[in-house]
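Hi,

Here is the structure I promised to pass on. Have a look at it first, and then read my notes below.

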Amino acid sequence: MFRFILTLCLLAMPLQAEEVVLGLSSDKVAITATFEGSDILIFGAVKRETAISEIPLDVIITVAGPSVPVTVRRKDRRFGIWVNTEVVELDAAPSFYAVATTGPFDEVMSNTEDLRHRVSIGRAIRSVGAATMAEDAGRFTEALIRIRRDKDAYQVREGAVAIDEQTLFRTSISLPANLTEGAYETRIFLTREGRVVSEFDTTIDVRKVGLERWLYSLSREKPMIYGLMSLAIAIAAGWMASAAFQALRRG
Amino acid sequence: MQIYLPIAEVSVNAFLLLGLGGIVGILSGMFGVGGGFLMTPLLFFIGIPPAVAVATEANQIVASSFSGVLAHFRRKTVDLRMGTVLLIGGLLGAGLGVFIFNYLKSQGQVDLLVKLCYVVFLGIIGGMMFVESLNAIRNTRRGAAPKRKKHGWVHGLPFKMRFRTSGLYISVIPPLMVGVAVGILAAIMGVGGGFIMVPAMIYLLGMPTKVVVGTSLFQIIFVTAFTTMLHATTNFTVDIALAVLLLVGGVIGAQIGTTIGTRMKAEQLRILLAIMVLAVCGKLGLDLLLMPSELYSLGTGGGH
């Protein structure tokens with residue numbers, strides 16, 4: 001009887017047949033004063049109780065920075081000059097987003113699964129009320145993606161995930177130097193014929209450290225002292241340069 | 001060498017910032033302008049968020065103006081009395097300007113207004129200075145004595161005050177009005193206002209060019225220090241790392257600029273400032289007239 005229930009359970013949960021065991025080269029990124037970006041190696045293995053399926057396995061890895069609302073403005077010609085006319089407020093767009101796959105995106109993930117899990121860049125941006133703000137709200141989202149892709153803040157790397165024996169996979173995600181702080185949600189999807197068979201979540205912690213941390217905290221927690229400190233530095237620097245030049249002229 | 005800026009959250013080249021600070025510092029020392037109208041667009045261009053650029057710029061101007069004003073104090077080319085009168089007017093005007101700015105912000109299109117303000121004022125001031133100083137240079141070449149304009153109505157006003165350093169005995173009303181007007185514009189345009197103040201002092205108040213530069217720097221220090229504190233405590237947008245990089249270049253540049261300035265003739269100084277103002281005006285004007293390569297722009301959510 002027990003064995004029968006167990007079999008039933010296994011049949012009822014085909015998703016759990018293959019699981020991800022994940023490794024990260026580091027789960028923390030420290031932003032120091034001389035931070036120039038960072039490469040993170042994401043690697044793992046597929047743990048399974050059953051034999052390897054005939055249908056090849058695909059892996060999709062996404063890394064997403066903290067999501068914040070974004071205002072997208074469009075310029076138009078009015079009375080001969082170019083001015084901002086239309087505005088669309090997108091509810092939440094990640095500050096950084098990278099998708100790496102084992103093959104062309106359309107082949108490794110179906111549209112329905114993309115819709116459900118919000119994997120592709122377009123789906124990762126939430127814009128519920130956007131359609132009411134402009135007739136062609138979709139073009140504002142496209143513009144956001146285009147602008148951020150040019151800055152490497154959004155990356156689509158099809159075929160960048162290497163997979164061996166349908167079991168071991170790895171990829172490297174390069175985080176640019178212009179990184180914002182926060183928990184970077186990292187997701188791994190295992191798919192077969194576009195359907196998700198397993199999903200795994202973890203976070204990479206991106207934080208300012210040392211002097212960067214101290215200055216940032218001071219500016220938020222004691223803005224008065226921070227402002228006075230800025231002025232003191234400015235006055236001191238101005239005075240020192242003046243004194244130094246006077247000494248130079250005399251000497 | 002790349003430096004990550006803690007408040008701006010962008011990574012920039014340290015030497016580029018030192019260089020930018022130096023160039024703007026030289027101009028600041030030469031002409032008595034804070035350099036904000038040049039530096040702020042440059043910072044936008046290298047990818048610093050506008051809010052951080054405007055706030056940090058104010059802090060950097062404090063440093064270069066202080067450095068410059070010390071050099072002018074040694075030469076006794078600062079009219080403290082005139083500077084104080086202008087400053088009182090300036091602070092009143094700045095308060096009024098912030099009020100106007102917030103009203104326009106609620107009506108939308110404040111960006112456009114700021115740009116149009118720039119183009120119109122830079123164009124008028126640059127053009128007027130250019131023509132005037134060109135004539136002055138021609139006159140000195142011909143050997144004619146430069147004539148000082150006397151404003152009759154200015155001398156008829158009450159509350160007369162003696163400004164010894166400037167060699168003026170005029171009513172306090174015109175300098176106070178100049179201060180208020182510059183303060184309003186400075187608050188709307190987000191700059192120290194030196195490029196408006198300097199021509200106003202020369203042409204409206206009739207002050208000698210050499211005294212104008214030091215006096216302008218003197219009052220800019222206070223206006224920008226006030227702005228820095230305002231930004232630091234309300235918007236948290238002053239980036240001290242960015243400010244330090246800019247001001248190291250800036251204070252050195254200001255000393256060099258002051259030295260260059262004292263060796264040049266007043267007309268030459270004015271014509272150079274005029275050309276610079278016209279160049280910035282032309283660039284901003286073209287931006288409005290030509291079709292931009294990217295029609296869309298991004299901003300942080302919530303803000304208009």
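Before anything else, keep in mind that this is a predicted model.

I started with the domains of chain A. The centres of its domain 1 and domain 2, taken over C-alpha atoms, are 40 Å apart. Domain 1 of chain A covers 14-208, and domain 2 of chain A covers 209-251. Where they touch, each of the two gives six residues to the contact. On the domain 1 side, β2 (28-31) and β12 (195-208) of chain A are the elements that supply two or more residues. By class, that side has three nonpolar, one polar and two charged residues.

Those two strands turn up again in a sheet of chain A. This open sheet has six strands, ordered β2-β12-β11-β4-β7-β8, with mixed pairing. At its edges are β2 and β8 (154-157) of chain A, each of which pairs on one side only. From one strand to the next, the twist averages 15°. Inside the sheet, β11 (residues 182-192) of chain A runs antiparallel to β12(A), and the pair is joined over 11 bridges. If you want a spot to zoom in on, A:E185 sits opposite A:T203 in β12(A).

Then there is the contact between the chains, with 48 residues from chain B and 47 residues from chain A. Several elements of chain B supply at least two residues each to its side, among them β1 (2-4), α5 (110-142) and β5 (296-300). Which element gives the largest share of that side? That would be α10(B), with nine residues. Sorted by class, the chain B side has 31 nonpolar, 14 polar and three charged residues.

Cheers

Terms used
Residues numbered from 1 in each chain as written. Chains lettered and ligands numbered in written order. Predicted model: local features only at pLDDT ≥ 70, side-chain atom pairs only at ≥ 80, totals over all residues. Contact = placed C-beta atoms within 7 Å. Helix = DSSP H or I, 4+ residues; strand = E, 2+ residues; numbered from the N terminus. Nonpolar A, V, L, I, M, F, W, Y, C, P; charged D, E, K, R; others polar. Domains from an automatic or database assignment. Pairing = 2+ DSSP bridges. Axes fitted to C-alpha atoms, helices over the stretch in contact; angles between N-to-C directions.
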